[in-house]
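Visitor: Please pick a single part of this structure and take me through it slowly. I'd like to see how one piece leads to the next.

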Amino acid sequence: MDTQELLQIRKQKGSEIAKTGRIKFNNNKWLVPSQTINKYYLVTLRIDKSVCTCPDFIERGLKCKHIFAVEMTISRETSLDGCIIEAKKITYTQDWTNYDKAQTKEKELFLRLLNELCFTIEEPEYKFGRPKMPLREMIFASALKVYTTFSLRRFMSDIGSAKQLGYIDKIPHFSSVSLYMNKEELTPILKELIVLSSLPLKTIENNSFSIDSSGISPSKYSRWFDHKWGKETERKIYYKVHLLTGNKTHIVCGAEITSQFSGDAKMLPQLVDIAHQNFNMNELTGDKAYLSHLNFEHLEKLGITPYIPFRTTSTRRRGQTALWRKMYNYFALNQEEFYEHYHQRSNIESVFSMITRKYGNYVRSKNETACTNEILLKVLCHNICVVIQEMFELGVE
């Protein structure tokens, strides 16, 4: 592990210490609690080099997690001799009035916005046979089922309430909703609805975006014979959810679902093209999985600056793109400034957390098509809820 990776790990651990609020200031020194033992370490902040009494700093001489914790806890002004003149606790405000309004009215507005989205769906031409339920109403019912997080049978009372409010004309049988979620033609429609649901925030999300992937599991296992141990082994199957999101509002601008064995790098051009059609993208942050010459070439054509950290084996050679050489030099010579931009990638981690905490980190469906559609419905529900939140906090109509 190289020095920068070690510093990133220490920075993350320092953030965990700073969140506890147990850091104390006394006689120009900071008392920082240990994460493993009942002990405090002394941190002294200076312009040239901060020091700490912990074994990690004494052994390696690198900035430790305790120094990072103090820097995250305070905003400081220093004199020429390195003494702290003023120290303030960093706090983050929350517009609780509008947050409470958004949460209390969310379900009411969710039904209304979902209904308006579904009205953009073109109904397939009727040919012959028994008339089917309108596609618009079945997608409405499927999204409402995912939003409630109930099973097919237990969410029927919610679909009954939707009928009373006039959002659907007929209550479908719960098995009909399951059958529709197994249709392959539903997948491109849901992807289009995700993009459409992000457009109300088009003027707000106009600069920095992030890309990443995460796994969501169904109730299935894969089995194979392990020759090394001479027995059958099984492993949980999961689907990879590839998202490109805005860093300001956490809106999802594009989504793709693949198998667990699919690589991340090849998904970047596809997701960037989807978002670039509707949003003004200036910066894109991603982890090392997206580091490739083809991705840099694609981003260079679109005028997007990638903040993707380089590996220890990465080099600056002739024949590489100008953007690769530029960002390699920037990463090597201005790492502190680089990681200030790269830190924006934490927003997409928040998006995955928001989706899994609210709608679950698993899917109830069984086959691949239904699982894909259910995951896309989770993302669609997330987007609608984000728009509702911004309706109150930012005044988005």
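Guide: Start with β12, residues 283–285, which pairs with β13 in the parallel sense over three bridges. Here, two strands pair if DSSP finds at least two bridges between them, and strands are DSSP runs of E with at least two residues, while helices are runs of H or I with at least four, everything being numbered from the N terminus. Before going on, keep in mind that this is a predicted model: local features need pLDDT of at least 70, side-chain atom pairs count only at pLDDT 80 or more, and totals for chains, interfaces and linings use all residues. Residues are numbered from 1 along each chain as its sequence is written, and side-chain values use heavy atoms, with hydrogens and water left out.

Back to that pair of strands: find L284, and you'll see that its bridge partner in β13 is P306. L284 of β12 also stands opposite F209, and that takes us to β7, which runs parallel to β12 and is joined to it by three bridges. Now step across β7 to β10: these two run antiparallel, with eight bridges between them. One place to spot this is I211, which stands opposite L244 in β10. From β10, seven bridges lead on to β11, again in the antiparallel sense, and L243 has A255 of β11 as its bridge partner. The hairpin of β10 and β11 has five residues between the strands, and H250 there takes a positive phi near 70°.

Put the pieces together and you get an open sheet of five strands with mixed pairing, in the order β11-β10-β7-β12-β13. The edges are β11 (252–259) and β13 (305–307), each pairing on one side only. Neighbouring strands are turned by 20° against each other on average, direction ignored; axes are lines fitted to C-alpha atoms, for helices over the stretch in contact, and angles run from 0 to 180 degrees between N-to-C directions.

How enclosed are these strands? Seven of the nine residues of β7 are buried, so β7 is largely enclosed by the rest of the structure. Being an edge strand doesn't leave β11 bare either: seven of its eight residues are buried, so β11 is largely enclosed too. "Buried" means under 20% relative accessible area, "exposed" over 50%, and "partly exposed" in between, using a 1.4 Å probe and protein chains only.

Part of the surroundings is helix α15 (368–393), which packs on the sheet and touches β7, β10 and β11. Touching, or contact, means heavy atoms within 4.5 Å. The direction of α15 makes about 160° with that of β11.

Follow α15 and you reach another helix, α9 (186–198): their axes come within 9 Å and cross at roughly 15°. That makes α9 roughly parallel to α15, because angles under 35 degrees count as roughly parallel, over 145 as roughly antiparallel, 65 to 115 as roughly perpendicular and the rest as oblique. Among the residues that meet are L190 and I194 in α9 and L376 and L380 in α15. The contact of α9 with α15 divides into nine nonpolar, six polar and one charged residue. Ala, Val, Leu, Ile, Met, Phe, Trp, Tyr, Cys and Pro count as nonpolar, Asp, Glu, Lys and Arg as charged, and the others, Gly among them, as polar.
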